[in-house]
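Here are some comments on the model, set out as numbered points. They begin with the ligand site, then turn to the domains and to the salt bridges.

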Amino acid sequence: MATFSRHDGVLYCEEVSLEAIAATHGTPTYLYSRSAIETAFLDYRSALSDMPHLICYAVKANSNLAILNVLAQLGAGFDVVSIGELERVVAAGGDPGKVVFSGVGKTPAEMQRALDLEIKCFNIESEAELLSLAALASASGRVAPISIRVNPNVDAGTHPYISTGLRENKFGVDVALARQLYQMADEHAALNPVGVDCHIGSQIEEVAPFVQSLECLLDLIHDLRTLGIRLHHIDLGGGLGVHYQAETPPSIHDYAAVLKARLKDQDLELVLEPGRSIVAEAGALITEVLYLKPTLDKHFAIVDAAMNDLLRPALYSAWQDIQPVRLRDGESRVWDVVGPICETSDFLGKDRAMVLSPGDLLSIMGAGAYGFGMASNYNTRPRVAEVMVQGEATHLIGQRESLSDLWQREVIPTGDES
Ligand code: LLP
């Protein structure tokens, strides 16, 4: 069954109307289909079922505890990039033994906690970081499992802000340095080189850049074997694109089939770190039209959600579909859907043809990934509610912040403090 469908002109997620969700939880509200998340994860799993693999969901895409818990129950691993994400995984019932820790700036405190939790692997991004981890591991009598993140200098063909596999990007190290770092790690008693990884970008719509990086990593693995260093896993990161507008990314099955064909007989576990392709299409953001403001140049539909709730359009000029929750008859007009924030970049969609009236509900589609997770309190706007839909049931999985939540951590100095 489709995740989102219409009945009598009204938009439903699974078996719940978005009108009912708005009536119960108010607007703006994020909603996520539990079964869509499960299906995407299980698609990866079934596509790779005949080879050793671990799907490490990239927590940054959507880090709500309930979502992490759904995935943990299915046996997922997790890709984290901060101690906060690691603690979330633990709080959600995830297994630290299935966690890979990515990111260019892990602090000693973060690495120590990850060592204590005995995570699966540290994805190392520089020589300095490797030395820092080695010192921590030695001092605490531990052996740190490591992978070196290789920058394969591959063009992922995606937005420059989310492209990570080119030499000019801050991520990973070149193959020659990776080779040296593996030799260093191999000789260090507190380091255990177990894998190799890369992540070349996000919202990738072709298989070719993934294959190019895979070849680069395999060459290195074979090279290291001749030096007596044997790696157990190959981690190709995340990045598989989803359908927002006219994109035609490969399906999870097509992508996996290509990787499997190349990796058979290699005696390697395949690790993937998908984020967007697990949660994006499972989610939507419901917002209410506050005012219609036709001007000489443009027609603006001013809604109660804004760039602080969903940053992707403002930050990457991202296009996400906007659907009226209830279709109405009348004359369609072309609207810019904008929020109340005092910035011209505060738009959710431009030039959308719809029949609208004040009070109508709109649903911004594809909002399950990098939506709530990138939300802020800009303009002192509370972060919105999050709801998980499961069949006919809805569960509140994230409370709307109250205004007092927003300044609870702030202090007006009295002048009496020393
Ligand atoms: N692994 C690493 C090391 C990453 O940096 C990322 C995403 C992923 C996995 C997951 O990639 P995915 O499967 O979700 O493409 N905020 C941007 C996307 C930033 C992605 C950053 N890294 C957006 O809204 O488009």
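1. In this predicted model, the ligand is surrounded by 18 residues, of which the closest are Ser202, Glu273, Arg312, Tyr316 and Tyr370. These should be the starting point when the site is inspected on screen.

2. Several polar approaches to the ligand can be listed individually. A polar side-chain atom of Lys60 is placed 3.2 Å from an oxygen atom of the ligand, while for Asp79 a polar side-chain atom lies 3.2 Å from a nitrogen atom of the ligand. With Gly239 the backbone is involved, a polar backbone atom of that residue being 2.8 Å from a ligand oxygen atom.

3. The chain is divided into two domains, and domain 1 is assembled from two separate stretches, 4-32 and 280-407, whereas domain 2 covers 34-277. The contact between them draws on 21 residues from domain 1 and 20 residues from domain 2. Their C-alpha centres are 32 Å apart.

4. Between them, domain 1 and domain 2 bury about 1,900 Å², and carbon and sulfur atoms account for 58% of that area. On the side of domain 1, the residues that lose the most area to domain 2 are Tyr316, Trp319 and Tyr370, which together make up 31% of what that side buries. Tyr316 and Tyr370 should be read alongside point 1, since they are also listed among the residues closest to the ligand.

5. What kinds of polar interaction cross the interface of domain 1 and domain 2? Nine residue pairs are found in polar contact there, with both partners at pLDDT 80 or more, but the count of salt bridges between the two domains is zero.

6. As to the elements that build the domain 1 side of this contact, α11 (312-316), β19 (385-390) and β20 (393-398) each supply at least two residues, and β19 gives the most, with four. Sorted by class, the side of domain 1 that touches domain 2 comprises 11 nonpolar, five polar and five charged residues. The charged residues on that side thus have to be considered together with the absence of salt bridges between the domains.

7. Within the model as a whole, the count comes to 19 salt bridges. One pair that deserves a look is Lys106 with Glu129, whose closest N and O atoms are 2.4 Å apart. Lys106 belongs to the loop between β7 (99-101) and α5 (108-116), and Glu129 to helix α6 (residues 127-139), so this salt bridge ties together parts that are 23 residues apart in sequence.

Technical notes: Residues numbered from 1 in each chain as written. Predicted model: local features only at pLDDT ≥ 70, side-chain atom pairs only at ≥ 80, totals over all residues. Heavy atoms only, no water. Domains from an automatic or database assignment. Contact = heavy atoms within 4.5 Å. Buried area = accessible area lost by both parts, 1.4 Å probe. Salt bridge = Lys/Arg side-chain N within 4 Å of Asp/Glu carboxyl O. Polar contact = N/O pair within 3.5 Å; in protein donor to acceptor, adjacent residues only side chain to side chain. Nonpolar A, V, L, I, M, F, W, Y, C, P; charged D, E, K, R; others polar. Near = heavy atom within 4 Å.
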